[in-house]
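Biologist: Could you take me through the sheet of this chain closely, strand by strand, together with whatever packs against it?

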Amino acid sequence: MTDDKFRQISYSRTTLTELMIPAYANFGGKIHGGILLSLMDKVAYACASKHAGTYCVTVSVENVDFLQPVEVGEMVSMSASVNYVGNSSMVIGIKVIAENFKEGTVKHTNTSYFTMVAKDDHGKPTKVPGLIIDTKEEARRFVEAMKRKELHGPYKEQLRMVRTMLEENVNHGILKDERCKLSFAI
Ligand SMILES: CC(C)(COP(=O)(O)OP(=O)(O)OC[C@H]1O[C@@H](n2cnc3c(N)ncnc32)[C@H](O)[C@@H]1OP(=O)(O)O)[C@@H](O)C(=O)NCCC(=O)NCCS
């Protein structure tokens with residue numbers, strides 16, 4: 001892949017639409033979150049692989065908050081586009097909507113971000129084409145992904161410090177307002 005290869009976001013934009021059948025439901029009659037995650041992974045793969053022109057793997061998944069339940073009989077559409085590219089990584093933004101034909105409603109259930117990495121034939125991360133940004137909205141998404149990535153470093157470091165601290169220092173004080181009981185002595 002040459003350094004000067006760029007692709008438009010529209011080139012790889014992908015939508016996956018699927019009818020939610022009873023086999024996808026949980027015991028409460030709503031669609032399993034895992035079914036939706038699996039479909040999101042598929043559409044993220046298709047979008048990333050088309051942009052990269054290679055095999056890709058899922059590296060991380062962010063912002064998976066299901067805001068509203070999806071019902072059996074609804075038509076779910078997942079629209080994926082490349083929001084950001086690094087060297088071998090791509091952030092794929094996925095907007096999920098569920099359409100209820102009977103009620104004539106459309107609800108936005110979540111927008112999530114999948115980081116995918118392009119691999120070469122030897123399984124090594126490989127460079128992906130850059131992005132041609134055509135609109136202000138696309139530029140906003142690109143910068144938002146940059147900022148999210150910048151925030152990860154300090155977040156991971158803080159989490160590591162908290163873990164180290166807690167290894168030596170879980171005490172009754174920190175748990176006093178929580179809904180748990182210690183059945184052992186600290
Ligand atoms: C993630 C993986 C590709 C990293 O490989 P590596 O040889 O360590 O390569 P690098 O450290 O150069 O990382 C490659 C890219 O992944 C990105 N990356 C690595 N870990 C990441 C994480 N936790 N979150 C987001 N991006 C990550 C790096 O920032 C880098 O991006 P860039 O090339 O755009 O700068 C490798 O660990 C892997 O293949 N993991 C398994 C993925 C998989 O099988 N997924 C399917 C789920 S079962």
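Modeller: Two strands are said to pair if DSSP finds at least two bridges between them, and helices (H or I, at least four residues) and strands (E, at least two) are DSSP runs numbered from the N terminus. This is a predicted model, in which local features need pLDDT of at least 70 and side-chain atom pairs count only at pLDDT 80 or more, while totals for chains, interfaces and linings use all residues. Residues are numbered from 1 along each chain as its sequence is written.

The chain has four helices and seven strands, and five strands form an open sheet in the order S2-S4-S5-S6-S3, with antiparallel pairing. Its edges are strand S2 (14-19) and strand S3 (55-62), each of which pairs on one side only, and the twist from one strand to the next averages 30°. At the S3 edge, seven bridges join S3 to the antiparallel strand S6 (residues 105-119), and Val61 stands opposite Phe114 in S6.

Two helices belong to this picture, with contact meaning that the C-beta atoms of two residues, placed from the backbone, lie within 7 Å, and with angles running from 0 to 180 degrees between the N-to-C directions of axes, which are lines fitted to C-alpha atoms, for helices over the stretch in contact. Helix H2 (residues 33-52) packs on the sheet and touches S2, S3, strand S4 (75-85), strand S5 (89-100) and S6, its direction making about 135° with that of S5. Helix H3 (residues 136-169) lies across S4 and S5, and runs at about 75° to S4.
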